[in-house]
Amino acid sequence: MKTIIEPFKIKMVEQLRFTTREEREDLLKAAHYNPFLLRSDDVLIDLLTDSGTTAMSAKQWSALMDGDEAYAGSRSYYKFEDAVRDITGFKHIIPTHQGRAAERILFTLVGAPGKVIPNNTHFDTTRANIESSGANAIDLPNAIGLLPEVVADFKGDMDTDALEELIHREGPENIPLVMLTITNNTGGGQPVSMANIRAVSEIAHAHGIPFFLDACRFAENAMFIKLREEGYANMTAKAIAQEMFSYADGCTMSAKKDGLVNTGGFLAMNNDALAISSRNVLIITEGFTTYGGLARRDLEAIAVGLVEVLDESYLAYRLRSVQYLGDAVELNGVPIVRPTGGHAVYLDAKRFAPHLKPEQYPGQSIVCALYAHAGIRSVEIGSAMFGRYDADGRLVPASMELVRLAIPRRVYTQSHIDYVAEAVCEVFEERENLPGMHITYEAPVLRHFTAHFEPSV
Ligand SMILES: *Cc1c(COP(=O)(O)O)cnc(C)c1O
């Protein structure tokens, strides 16, 4: 059979609320043209993020009921620990309430002024946690990863020559660890090859530097390796994931992604001394070592989610459903970042609305049009999110102007995605009418969450 179907059926449904175009125009105005300020009840299809928006399975919901809410030594913790260790092989498994809590613990301990931490591309919370420790977060993406039009198998790879050069320049003693984000979220959800994971690991270890994975989308990355990298077609996604982790000394993980849960995460590692220090910080900031800021029932749901996420019928459907949306809009000439990654389709706003300059925030204009036209919520990843001002107060634009359509896991059906594709194509047909946007209010940091915009006339 050629058709890849949703590998699940639906037992419980959540009603969608329809609004009229007129209502949406008013709602958008009231939200200052910033979809972060909309109420989700006013959104029909919510593609703001794939983080924590997963639909849990019947098995996960029943596991929740089996949660053992003991403060210490909970049975649920040991199930969670077994599930994480089975995949990662790490000696110490430390639960946290989400990914950034794992990052905070890790970088509180290894970061400091004068230290440098390289990654293919740091996720924004990772960068923020490194910088708040005083250390310097460095991105070393492969050149091809920065070219939205170029199709390549592993655009998430790290530039290993640049890594060697950085270690040489900064000195291994100033690099507490090397990180690799799989898949590379900021770079468009692009996968990292096993060859690159192995090469980065070898370089780090040759200089005595530990190597950590930011493993949020490890299962999607493993499936890309199975489908694209020579020698892996006949291995299971689980065995591939195990091999990926075997090259690393530890990882941070947001279970809100490939843990298939609504909240949770962990920090894992082999180093005994670092684990002791990490658990001490955990107890101060998150909770005791056998729950780390989570209800114990949440650990049950993660333990089940980590098994379900490596089911290859799920992963084939997952990658295909993202590609399906990308193909559908591309067929109508809509410019996107190619090829589609594991969790989102990125519209290339520069080519979508070439009449708008970066300082007119073309991505924000498309985001607003998609909501007004069809009730779809997406997010600008461009100069509204990453733009800075120079000394004269002029905008220094981001390198790319993108609109991200992130696909929640197991939530929307093919007809929902058909609807999204249709809406994107219709907004594209009317692209000459997209207005420029300007900012009327902004916070000093992370302004995109709360900024107010207005269409320019
Ligand atoms: C989401 C994410 C994080 C942070 O995880 P939270 O659970 O949101 O705190 C870190 N790295 C990557 C690559 C992510 O996608």
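In the predicted model, T160 has a relative accessible area of 22% and therefore counts as partly exposed, a class that runs between 20% and 50%. The residue belongs to helix 6, which spans residues 160-170. Across a sequence separation of 20 residues, the C-alpha atoms of T160 and L140 are 8.1 Å apart.

A second helical residue, N129, sits in helix 5, formed by residues 124-132. N129 is classed as buried because its relative accessibility is 13%, and the cut-off for that class is under 20%. Its side chain takes part in a polar contact with the side chain of E103, at 3.4 Å.

Two asparagine and aspartate positions in loops were also examined. N332 is placed in the loop that connects helix 12 (312-330) with strand 9 (344-348). With a relative accessibility of 46%, N332 is partly exposed. V424 lies 92 residues from N332 along the chain, and the C-alpha atoms of the two residues are 9.6 Å apart. D392 is located in the loop between strand 12 (388-389) and strand 13 (395-396). D392 has a relative accessibility of 59% and so counts as exposed, the threshold being over 50%. The side chains of D392 and R394 form a polar contact of 3.2 Å.

The backbone shows several departures from common geometry. Most residues other than glycine have a negative phi, and most peptide bonds are trans. H32, which is not a glycine, has a positive phi of about 55°. This residue is in the loop between helix 1 (21-30) and strand 1 (45-46), and its relative accessible area of 31% makes H32 partly exposed. A positive phi of about 55° is also found at L260, again not a glycine. L260 occupies the loop that links strand 7 (250-254) to strand 8 (265-269). In terms of accessibility, L260 is buried, with a relative accessible area of 0%.

Cis peptide bonds occur at two of the positions examined. The bond from I182 to T183 is cis, and its omega is near -20°. T183 falls in the loop between strand 5 (178-181) and helix 7 (194-206). The bond joining R338 and P339 is likewise cis, with omega about -15°. P339 is located in the loop between helix 12 and strand 9, and N332 is placed in that loop as well.

The ligand is surrounded by 14 residues, of which R100, D214, R217, S254 and K257 come nearest. By class, this shell consists of 6 charged, 6 polar and 2 nonpolar residues. Among the structural elements, helix 4 (residues 99-110) makes the largest contribution to the shell, with 3 residues. Several atom pairs between protein and ligand can be specified. For Q98, a polar side-chain atom is 2.9 Å from an oxygen atom of the ligand. In the case of G99, the atom concerned is a backbone N or O, and its distance from a ligand oxygen atom is 2.9 Å. R217 again uses a polar side-chain atom, placed 2.9 Å from an oxygen atom of the ligand. On its own, the ligand has 380 Å² of accessible area, and the protein covers 98% of that area.

The analysis of internal space gave 3 cavities with a volume of 30 Å³ or more. The largest cavity contains about 60 Å³ of space. Its lining is made up of N34, P35, F36, L48, Q364, S378, V379, E380, M385 and H448. These lining residues divide into 5 nonpolar, 4 polar and 1 charged.

Methods
Residues numbered from 1 in each chain as written. Predicted model: local features only at pLDDT ≥ 70, side-chain atom pairs only at ≥ 80, totals over all residues. Heavy atoms only, no water. Near = heavy atom within 4 Å. Polar contact = N/O pair within 3.5 Å; in protein donor to acceptor, adjacent residues only side chain to side chain. Areas by Shrake-Rupley, 256 points an atom, 1.4 Å probe, with all protein chains shown as cover. Helix = DSSP H or I, 4+ residues; strand = E, 2+ residues; numbered from the N terminus. Nonpolar A, V, L, I, M, F, W, Y, C, P; charged D, E, K, R; others polar. 1 Å grid on protein atoms, 1.4 Å probe; cavity = no way out; pocket = protein on both sides within 12 Å on 5 of 7 lines; lining within 4 Å. Points joined across faces, edges and corners; volume = space filled by probe spheres on them. Buried < 20%, exposed > 50% of the residue type's maximum accessible area, 1.4 Å probe, protein only.
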